[in-house]
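Colleague: I'm new to this one. Could you walk me through it and tell me how you justify the words you use?

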Amino acid sequence: MTGTDEYEHANVNEHAERADGDAYTDDDEYDETPTIPARTAFRRFWPLTKGLRGWLVAVWVCTVLSALAETEAILLFSDLTDHALRQGSLSAFWDPAVKWLGIAVVGAIVAYAGNSLAAWITERFVMRLREHVFDHVQQLPPHFFQRHRQGDLLSRLTGDVEAIETMVVSGLVGAASAAFSALFYAAAAFWLRWDLAAATFVLAPLFWLAARRFSGSIKDVSREGRVADGAITSVVEESLGNIVLTQAYDRRDAERRRLHEEANAWFRASVRSTRLNEAYEQLVQVIETVCVLAVIGIGAWEISTGRMTLGQLLAFAAFLGYLYPPVRGLAQLGLTVNAATAGAERLIEILDVRPAVGDPVRSPDTPLGRPDGAVEVRDLSFRYPGTDKPALAGLSFSVRPGELVIITGPSGAGKSTVSKMLLRFYDPDSGTVLLDGTPIRDFPLARLREYVTLLPQETLLLHDTVRANIACGRPGASDRAIVEAARAADAHDFVMKLPDGYDTEVDPNSARLSGGQLQRLAIARAILRDAPVLVLDEPTTGLDAMAARRVVRPLRRLMTGRTTIMITHDLNLAPDADRILVVDQGRIVETGRHEELLARGGAYARLHRSQNNALMDTGELRLPLFTEPAATAPAGGPVGYAGAEAYPGWAPQSQSHAHATPHAFEYTGDPADAGAHQLPHQLPRHLPGRFPDGRALFRDELHEGVQDGFQGTYQDGFHEGFHDGTHPYGHGG
Ligand SMILES: Nc1ncnc2c1ncn2[C@@H]1O[C@H](COP(=O)(O)OP(=O)(O)OP(=O)(O)O)[C@@H](O)[C@H]1O
């Protein structure tokens, strides 16, 4: 029994088993957390105790032994009173005293072992539960996070998780020990004087009535407390995240008021909760006093008639003294469990939100290898959960391997939704996305996202070193590969200027890096990932003209040789695209090349005009992405790159229908000496090569002027490298 075993199979997501198969969505229920009975909540989390249950039994055994030891000690006390104390005999003292001491020592050891074990089980359970909920939350669709306050989610993952522990583990252990103790003390009391014990137990239901009276209110107030706790965390989190707005607009008072309001709710719930618990405690004290007085009264009468000794009465009173705490504990436990149910409800609410997508149920008939990158979107329609308006309505397009397709259109047209479909953040309501002819639903999610890389609008950073931030593109990448990727992304120079170079810690709010630098780190990460399909969501948005200019070259290196779908408002890159799709209201309204669309004078021409009036000149962005064939290529061969086969070992790979030019050159010679063959320098720049092992080679021109290349300083040349950051044969140039 290791504690971690088996539990992975525990099914806490009970909704998966629901007979009616209802898919919970979080649309309507999140506003008001559903009320769940304690028993249902307990059953829901019980599976997480798998592998810990043996230890729970061990704790119970310790509890039983410890209760037995206490019982025996009380009986010895009665013996001492009647024989040693009343008769004043020292010789009658030693025997029971030694026994008592022995029992006390054994009892202490057992109690220590039991309590330590209980703490271990408790913390293990909390850890599992937190990981389980965290894991689940990480699979939830993007709109879940847009709609829910992060602070509240944090509070659910911390406070509510701990609350559930008091219900499942501590609750169970507490209930068992209280029940065993109560049973032993009651049995001992009956054994001493059954009639006296029976008279006392007549009053026991009073405890139960008192607990019942309070439990509902305590659950309500706990729920209010948990909600207020989430709200406080949210306000603090949001306020700190918006500190610039707060300071720039002097919103300190407004933020303080917001915190005060939430803190007030917490304050009221907290005070009410303490008052209720205290009232319950005091009521129970009074009930106990009534019981004790009843025993002393009956006892006095019994002693006066000679039917009872003083030692027996004292032992009896001691049993009652021991008996009440567990009885009270049992009733109190009901209250604690009820309070914990409020936390459980909040976690179950999250656990019931289903991930929008999952891995394919059965593996495809043919194994899915690395695709070439042909993307086909067929008749895609999609509505975000909880909305009436479709975000996509019958959208279709296809992209051949290596092509660049730009998706543009007005705000809210559905462009980013297309990127979410390509990465399968959501499945469409109808239609399909195919990658190399295979529906993307048939790819395991992890595999799909390895083949289709997203460069999102906002640059996402881990709170870690620069090295780790690049390496997360391909976990396990060598340092050399990381540095090469950073070089290809034009990030190496600025990284080296950071205080600790690649070991400099950065974080999402780091002021250390500019927007353009962050974007270049993201490009390095994507280069390292080396996926055949790239989805770029507004890669230059938010950057000023200079910064945008600096990311163009690394972006080109990234895009070369990959299928690229670029979502952008920025039409400066449009002349380079093999095809432009203009999207509006979830449909494609125009498609064609830049010049054709401009000549047509339709939606695209209007968009282009409005942008040109609005945008600053971004100069270099207008450079064509793929330069025209080099004049030096020998003539007389296939269309576009005539005579390319004249270069030993290399042949043109595929051709764009738009340009009738190859997208790449493929090494067709002996794989054994692939590394020894450079792409012939006469071949046009920007065209990638591919080696038989599938690794793509990029080639591009260097900056004008002097720049650090792979192995030295270059001037007006070009260099080559593998997209995975390794370098085949030194450098070109
Ligand atoms: N999480 C969401 N929940 C509900 N509706 C959404 C959600 N995200 C987007 N939408 C809606 O879907 C439609 C398409 O949104 P999308 O983000 O794809 O547009 P876009 O073309 O990328 O816009 P922009 O250029 O402003 O980024 C819009 O009407 C938008 O309001």
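Modeller: Sure. This is a predicted model. Let's start with helix α17, residues 545-559, which lies across β3 (404-408), β6, β9 and β10 (563-567).

Colleague: What is the angle between α17 and β9, and what would you call it?

Modeller: α17 runs at about 150 degrees to β9. Angles over 145 count as roughly antiparallel, so α17 is roughly antiparallel to β9.

Colleague: Which sheet do those strands belong to?

Modeller: An open one with six strands, in the order β6-β9-β10-β3-β11-β12, and with mixed pairing. From one strand to the next, the twist averages 20 degrees.

Colleague: What makes β6 and β12 edge strands?

Modeller: β6 (452-455) and β12 (587-592) each pair on one side only.

Colleague: And how do you know that β6 and β9 are paired?

Modeller: Pairing takes at least two bridges. Four bridges join β6 to β9 (residues 533-537), so the two count as paired, and they run parallel. Within that pair, Leu-454 stands opposite Val-535 in β9.

Colleague: What is the order of the four-strand sheet?

Modeller: That open sheet goes β2-β1-β4-β5, with antiparallel pairing. β2 (392-399) and β5 (438-439) are at its edges; each has a single partner strand, so one side of each has no neighbour in the sheet. Strand β1 (residues 375-382) pairs with β2 over six bridges in the antiparallel sense, and Val-377 stands opposite Phe-397 in β2.

Colleague: Now the helices. Why is α9 called roughly antiparallel to α10?

Modeller: Helix α9 (residues 252-304) packs against helix α10 (residues 310-351) at an angle of about 160 degrees, with the axes 11 Å apart. The cut-off is over 145, so α9 is roughly antiparallel to α10. The crossing of α9 past α10 is right-handed.

Colleague: Which residues meet there?

Modeller: On α9 they include Tyr-280, Val-284, Val-292 and Ile-303; on α10, Leu-313, Phe-316 and Leu-335 are among them. By class, the contact of α9 with α10 has 13 nonpolar, four polar and three charged residues.

Colleague: Last thing: what is the mean pLDDT of the chain?

Modeller: The mean is 75, and 77% of the residues reach 70 or more. Over residues 654-662, though, the pLDDT is below 50, and this stretch has 30 contacts in the model beyond near neighbours in sequence. Residues 681-686 are also below 50, with 27 such contacts.

How values were computed:
Residues are numbered from 1 along each chain as its sequence is written. This is a predicted model: local features need pLDDT of at least 70, side-chain atom pairs count only at pLDDT 80 or more; totals for chains, interfaces and linings use all residues. Side-chain values use heavy atoms; hydrogens and water are left out. Axes are lines fitted to C-alpha atoms, for helices over the stretch in contact, and angles run from 0 to 180 degrees between N-to-C directions. Angles under 35 degrees count as roughly parallel, over 145 as roughly antiparallel, 65 to 115 as roughly perpendicular and the rest as oblique. A crossing is left-handed if the near helix is turned anticlockwise from the far one by less than a right angle, and right-handed if clockwise. Contact means heavy atoms within 4.5 Å. Ala, Val, Leu, Ile, Met, Phe, Trp, Tyr, Cys and Pro count as nonpolar, Asp, Glu, Lys and Arg as charged, and the others, Gly among them, as polar. pLDDT is the predictor's confidence in each residue, from 0 to 100.
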